[in-house]
Amino acid sequence: MWFARTKSFIGFVNLRRGLRVALIQMLVGDDKSENLKKAVKLITEAKKENPRLVALPECFNSPYGTKFFPKYAEPIPDGETCNVLSETAKNNNLYLVGGSIPEKCGDKFYNTCTVWSPEGKLIGVHRKMHLFDIDVKGGVRFCESDVLSAGNKLTTFDVDGCKIGIGICYDVRFSEMTKLYRKQGVELLMYPAAFNPTTGPPHWELLMRARAVDEQMFVAGISPAQDPAADYKAYGHTIVVSPWGTVMHQADYAETTVVADLDLNEVANVRQQIPSFSQRRTELYDTISKSSL
Ligand SMILES: NC(=O)CC(=O)C(=O)O
């Protein structure tokens, strides 16, 4: 296992607020129980680096594709995958962002991220809010809404005083959502995500950096590794960006784990030096128009 570690440091601070995260860029196959075994193995290996929080990628127990979602879907929290995630968080005594899985709830399906405490308790459930329906000629066509329903709620949780927000993949393209997280005091935004060879190269890093600079927070994107044989080829490139917009670490296409030390004081430092949030002219550009224009 190859580990990459980056450190971020700005100036002298009296009280260092740090958070070590491990982001698992896992190669996902079509055998669900093998995927679960692999996730447990990689989390257990990552634990050797002593992270406080570990994250898995979007759709880590199933291939990413609408034809797979109904077959792989499980109820939350009473399914096999949730049991495994809860046990693994507890056995390793860490916070676990469980990537995402296809969720079945009644007659509906969702693309859902669960978050687990070191005691194995479910502390967050995020259903992808913006469904990935795009058609790029000669590139990628995908229509999640053929099968999935969209979630309607933001999701935050706390790790040692750091408020963390969750989005899933396509959610990263919606800056209004990130602004709401900023208003809630989020300092780290985590996106389990699976971009692709069409949108990945031009947009992946750009969007992660844009959200980090817009809202002056750490942003992490956690992708599956690329499987050249899969119908949908994930872009990989699991990434961590600082509140200054610096790419602290970015993986390639292969399976790997990125370990990053986040200096949370950097959030306050950047917000103090560039106080764009309090300088907004919201009276001029309220984007939620109530008019019929
Ligand atoms: N897979 C997604 O949800 C989003 C994506 O690939 C993109 O926005 O591009």
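This is a conversation about one predicted protein model with a ligand.

Visitor: What should I know before starting?
Guide: The model is predicted: local features need pLDDT of at least 70, side-chain atom pairs count only at pLDDT 80 or more, and totals for chains, interfaces and linings use all residues. Residues are numbered from 1 along each chain as its sequence is written.

Visitor: How many helices and strands does the protein chain have?
Guide: The protein chain has six helices and 16 strands. Helices (H or I, at least four residues) and strands (E, at least two) are DSSP runs, numbered from the N terminus.

Visitor: What is the radius of gyration of the protein chain?
Guide: It is 18 Å, which agrees with the value near 19 Å for a compact globule of 293 residues. The radius is taken over C-alpha atoms, and the globule rule is 2.2 Å times the number of residues to the power 0.38. Along the principal axes, the C-alpha atoms fill a box of roughly 55 × 50 × 35 Å.

Visitor: And what percentage of the residues is buried?
Guide: Buried residues make up 45% of the 293. A residue is buried if 20 or more other C-beta atoms lie within 10 Å of its own, exposed if 12 or fewer, and partly exposed in between, with C-beta atoms placed from the backbone.

Visitor: Which residues have the most contacts inside the largest nonpolar core?
Guide: They are Ile24, Ala55, Leu188, Met190 and Ala220, in a core of 79 residues. Such a core is a set of buried Ala, Val, Leu, Ile, Met, Phe, Trp, Tyr and Cys residues joined through C-beta atoms within 7 Å. In soluble globular proteins, nonpolar side chains tend to be buried together.

Visitor: What is isoleucine 24 in contact with?
Guide: Leaving aside neighbours within four places in sequence, isoleucine 24 is in contact with Leu42, Ile43, Ala46, Val54, Ala55, Leu56, Pro57 and Thr257. Contact means that the C-beta atoms of two residues, placed from the backbone, lie within 7 Å.

Visitor: Turning to helix H5, how far apart are its end C-alpha atoms?
Guide: They are 22 Å apart, in agreement with the 22 Å expected for the 16 residues 200-215 at 1.5 Å a residue. The expected span is 1.5 Å times one less than the number of residues.

Visitor: Which of its residues are buried, and what covers them?
Guide: The buried residues of H5 are Gly200, Trp204, Leu207, Met208, Arg211, Ala212 and Glu215. Their cover includes helix H4 (175-183) and strands S12 (188-192), S13 (218-222) and S14 (239-241).

Visitor: What follows H5?
Guide: Glutamine 216 follows H5, with a positive phi near 55 degrees. Glutamine 216 lies in the loop between H5 and S13, and counts as buried because it has 24 C-beta neighbours inside 10 Å.

Visitor: Where is asparagine 50, and is it buried or exposed?
Guide: Asparagine 50 is in the loop between H1 and S3. It is exposed, with 10 other C-beta atoms within 10 Å. Its phi is also positive, near 60 degrees.

Visitor: Which peptide bond is cis?
Guide: The bond from isoleucine 76 to proline 77 is cis, with omega near 10 degrees. Most residues other than glycine have a negative phi, and most peptide bonds are trans.

Visitor: Finally, which residues are around the ligand?
Guide: They are Phe132, Cys169, Tyr170, Arg173, Ala194, Phe195, Asn196, Thr199 and His203. A residue is near the ligand if its C-beta atom, placed from the backbone, lies within 6 Å of it.
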